[in-house]
Amino acid sequence: MIGGPAGTPMPRRRLRGALAALALLGPALLGAAPGGPGDETVSLAGNEPGQRLDVTLVRVVDPATPADPQGPAPDASTRLLAVRFRLENTGTAVYKDSPAPAAHLLDTAGKRFSGLNNPTAAGASFPDTVTLDPGGSAEGFVTFRLPQDAVAAAVQFALNGGLADDVGQWSLS
């Protein structure tokens, strides 16, 4: 067990809280820009030369309802949350990527949820692959499935299917 002040054991609950805070602060410490819905546009670089996007978190819909009432819906223990992003190619290379796996949601317990292409009534999802010439832009929703009791804390976005070193983060709380 990790020690607290004066060598006393730190309760597991406080340790989990500290780890959750580190998960949320980590990207900021690594240079990711904070922001909120409609707030700040974050300029992100990809892993290849000329890859650069300005990414803006435009809107958060929580809970989001499925677009097709006959389609798959969350069960009683989960809910959908939809995030609308605006992507603008400010680089010199063509952007061709899948925005859903490039996005992640963090909750206050430190759990990380991957983005999905599930359409919701909030609005149009991004297609599986978005292609933007330099100067081009697109908007669309990325959906997350999370437990009913999860408290959304932050959304992250990175190019190259979420694998680029440059990560943007927006606070949701």
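Which backbone nitrogen lies 2.7 Å from a polar atom of the side chain of Asp 97? Exercise 1 takes up this point. The model is predicted, local features need pLDDT of at least 70, side-chain atom pairs count only at pLDDT 80 or more, and totals for chains, interfaces and linings use all residues. Residues are numbered from 1 along each chain as its sequence is written, and side-chain values use heavy atoms, with hydrogens and water left out.

**Exercise 1. Describe the surroundings of Asp 97.**

Step 1. Place the residue. Asp 97 lies in strand 4, residues 95-97. Strands (E, at least two residues) and helices (H or I, at least four) are DSSP runs, numbered from the N terminus.

Step 2. Look for a partner of opposite charge. Asp 97 is buried yet has no salt bridge, and the nearest side chain of opposite charge, Lys 96, is 10 Å away. Buried means under 20% relative accessible area, exposed over 50%, and partly exposed in between (1.4 Å probe, protein chains only). A salt bridge needs a side-chain nitrogen of Lys or Arg within 4 Å of a carboxyl oxygen of Asp or Glu. For charge, Lys and Arg count as positive and Asp and Glu as negative, while His and the chain ends are not counted.

Step 3. Look for a polar atom instead. The backbone nitrogen is that of Asn 160, at 2.7 Å from a polar atom of the Asp 97 side chain.

**Exercise 2. List the salt bridges and find which residues are linked in a network.**

Step 1. Count. The structure has 3 salt bridges.

Step 2. Take Arg 79. Its partner is Asp 62, with the closest N and O atoms 2.7 Å apart. This pair links distant parts of the chain, with Arg 79 in strand 3 and Asp 62 in strand 2 (residues 52-64), 17 residues apart. Arg 79 is buried at a relative accessible area of 10%, whereas Asp 62 is partly exposed at 38%.

Step 3. Take Glu 139. A salt bridge joins the side chains of Arg 84 and Glu 139 at 2.7 Å, N to O. Arg 84 lies in strand 3 and Glu 139 in strand 8 (residues 137-147), so the pair ties together parts that are 55 residues apart in sequence. Glu 139 also forms a salt bridge with Arg 86, where the closest N and O atoms are 2.9 Å apart. Arg 86 is in strand 3, 53 residues from Glu 139 in strand 8.

Step 4. Compare exposure in this group. Relative accessible area is 22% for Arg 84, 34% for Glu 139 and 33% for Arg 86. Arg 84 is partly exposed, Glu 139 is partly exposed, and Arg 86 counts as partly exposed.

Result: the network of salt bridges links Arg 84, Arg 86 and Glu 139.

**Exercise 3. Classify the aromatic pairs and state which residues form one cluster.**

Step 1. Apply the rule. Rings of Phe, Tyr and Trp (its six-membered ring) pair if their centres lie within 6.5 Å; planes under 30 degrees apart count as stacked, over 60 as edge-to-face and the rest as tilted. The structure holds 2 such pairs.

Step 2. Take Phe 85 with Phe 157. The centres are 5.3 Å apart and the planes are at 50 degrees, a tilted pair. Phe 85 is in strand 3 (residues 78-89) and Phe 157 in strand 9, 72 residues apart. Phe 85 is buried at 0% relative accessible area, and Phe 157 counts as buried at 0%.

Step 3. Take Phe 85 with Trp 170. The ring centres are 5.8 Å apart and the planes stand at 65 degrees, so the pair is edge-to-face. Trp 170 is in strand 10, 85 residues from Phe 85 in strand 3. Both Phe 85 and Trp 170 are buried.

Result: Phe 85, Phe 157 and Trp 170 form one aromatic cluster.

**Exercise 4. Give the strand order of the open sheet of 4 strands and name its edges.**

Step 1. Order the strands. The order is 6-5-9-10, with antiparallel pairing. Two strands pair if DSSP finds at least two bridges between them.

Step 2. Find the edges. Strand 6 (112-114) and strand 10 (168-171) each pair on one side only.

Step 3. Check one pairing. Strand 5 (residues 103-107) and strand 6 run antiparallel and are joined by 3 bridges. Leu 106 stands opposite Arg 112 in strand 6.

Step 4. Examine one loop. Leu 163 is found between strand 9 (152-157) and strand 10, and is exposed at 66% relative accessible area. The C-alpha atoms of Leu 163 and Pro 101 are 9.2 Å apart, and these residues are 62 apart along the chain.

Conventions: Polar contact = N/O pair within 3.5 Å; in protein donor to acceptor, adjacent residues only side chain to side chain.
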